[in-house]
Amino acid sequence: MDVLTGRWLIQPARESRRSRGLLERHPSCHFVCPDDQPGAYAPAVATTVYYCASSLDGYIAEGDDSLDWLLDYEGTFEHEAAEPDPMSEGGGYEGFYEGVRALVAGSATYEWILDHLDVAGGGQWPYRGKPCWVLSSRELRLPEGEGVDVRIVEASVGEVYGEMAAAAGDGVLWVVGGGGVASQFADEGRLDEVHVTVVPVVLGAGKRLFERRLPSGSMQLTGTRTFKNGMVELRYEIRH
Ligand SMILES: NC(=O)c1ccc[n+]([C@@H]2O[C@H](COP(=O)([O-])OP(=O)(O)OC[C@H]3O[C@@H](n4cnc5c(N)ncnc54)[C@H](OP(=O)(O)O)[C@@H]3O)[C@@H](O)[C@H]2O)c1
């Protein structure tokens, strides 16, 4: 798997609760101060972001886990406001990934990444240097290489969130997918933002963006980006 391909399973920009004005960093330390309690400092809070690409009809993969619809997608959007493709060098993905301090994925997503690593061609685990939790009830193979930190756990989100959030610090905890894992975070009230890049393809069936209804109801739109390849990124904040 080349670096850019991997980026779709890895995926934008941080618009944390801090930047939304809900939390403000104390100038001299790694703590944040709730706006309504000046002087009362609490540990920095990670922002949990589900960042992924979805078909127009809300699927992140086909039923057999194929991502050809995404990886082979070609399109154009000729508009002066359109940005370079999100996966291009210096594109939206890179900005997002810089802010990521920890990741979490389900086992199907993890195994897809491992299966598509072109080790012979020099392909390496794409998230080196950042801890990645993989939720699974099975013993799974581990990638090799310097900086690989993959932690396979069988646990509920409630049980492992604290550890993940501590690792993420005041950065982003990236929920890579799939939809079931994102739904588990939402059910626990631990999903803060959804950044979805919509690909103008209709699949009709497959693995859903979310597995079930979100308990929190409607989300707040916080930003959009249009790309020269015709994809559109939608950023939403979840109202807790
Ligand atoms: N378009 C995109 O941007 C994007 C992003 C992410 C993923 N994807 C793709 O979408 C597909 C996602 O597949 P998916 O929704 O089936 O799967 P998934 O969320 O990646 O994996 C689901 C599996 O993870 C394990 N698991 C989940 N929660 C667990 C928990 N709390 N404790 C223990 N184990 C747990 C279970 O399997 P076991 O217990 O059997 O291991 C479960 O069947 C993949 O093909 C992936 O490549 C696409």
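Gly178 sits in the loop between β9 and α6, and a cis peptide bond, with omega at about -5°, joins Gly177 to Gly178. In this predicted model, both of these glycines are among the residues that come nearest to the ligand. The chain as a whole has a secondary structure of 6 helices and 13 strands, and buried residues make up 35% of its 240 residues. The points below start from the ligand, pass to the sheet and the helices, and end with two loop residues.

**The shell around the ligand**

- The ligand is surrounded by 29 residues, of which Gly106, Ser107, Thr109, Gly177 and Gly178 come nearest.
- Two or more residues of this shell are given by each of the elements α1 (3-10), β4 (47-55), β5 (59-61), β6 (100-106), α4 (107-115), β9 (172-177) and α6 (179-187).
- By residue type, the shell around the ligand divides into 14 nonpolar, 11 polar and 4 charged residues.

**The sheet**

- The strands β8-β7-β6-β9-β4-β10-β13-β12, in that order, form an open sheet of 8 strands in which the pairing is mixed.
- At the edges of this sheet are β8 (150-153) and β12 (219-226), each of which pairs on one side only, and the twist from one strand to the next averages 20°.
- In a regular strand, the side chains alternate between the two faces of the sheet.
- Strand β9 is largely enclosed by the rest of the structure, because 6 of its 6 residues are buried, and a residue is called buried when 20 or more other C-beta atoms lie within 10 Å of its own.
- On one side β9 pairs with β6 in the parallel sense over 5 bridges, and within this pairing Val104 has Val175 of β9 as its bridge partner.
- Strand β9 is also joined to β4 by 4 bridges, the two strands running parallel, and here the bridge partner of Thr47 is Val172 in β9.
- Strand β4 pairs in turn with β10 (residues 193-199), again in the parallel sense and over 7 bridges, with Ser54 having Val198 of β10 as its bridge partner.

**Helices that pack on the sheet**

- Helix α4 packs on the sheet, where it touches β6, β7 (132-135) and β9, and its direction makes about 105° with that of β6.
- Within α4, the residues Thr109, Tyr110 and Ile113 are buried, and because the buried residues fall within an arc of 100° when seen down the helix axis, they line one face of α4.
- Thr109 thus appears in two roles in this description, being buried in α4 and being one of the residues that come nearest to the ligand.
- Helix α6 lies across β4, β6, β7 and β9, and runs at about 135° to β9.
- Helix α5 (residues 157-168) has Val157, Tyr161, Met164 and Ala168 as its buried residues, and these fall within an arc of 80° seen down the axis, so they line one face of the helix.
- The buried residues of α5 pack against β6, β7, β9 and α6, whereas the face turned away from the buried side carries the exposed residues Glu159 and Gly162.
- After α5 comes Gly169, which has a positive phi near 60°.

**Two loop residues**

- Leu56 lies in the loop between β4 and β5, and it counts as exposed because it has 12 C-beta neighbours inside 10 Å, the cut-off for exposed being 12 or fewer.
- Although Leu56 and Val199 are 143 residues apart along the chain, their C-alpha atoms are separated by 5.9 Å.
- If neighbours within four places in sequence are left aside, Leu56 is in contact with Val198, Pro200, Val201 and Val202; of these, Val198 is also the bridge partner of Ser54.
- Asp65 lies in the loop between β5 and α2 (68-71), and has a positive phi of about 70° although it is not a glycine.
- Asp65 is partly exposed, with 15 other C-beta atoms within 10 Å.

Terms used:
Residues are numbered from 1 along each chain as its sequence is written. A residue is near a molecule or strand if its C-beta atom, placed from the backbone, lies within 6 Å of it. Ala, Val, Leu, Ile, Met, Phe, Trp, Tyr, Cys and Pro count as nonpolar, Asp, Glu, Lys and Arg as charged, and the others, Gly among them, as polar. Two strands pair if DSSP finds at least two bridges between them. Axes are lines fitted to C-alpha atoms, for helices over the stretch in contact, and angles run from 0 to 180 degrees between N-to-C directions. Two residues are in contact if their C-beta atoms, placed from the backbone, lie within 7 Å. The arc is that of the directions from the helix axis to the C-beta atoms.
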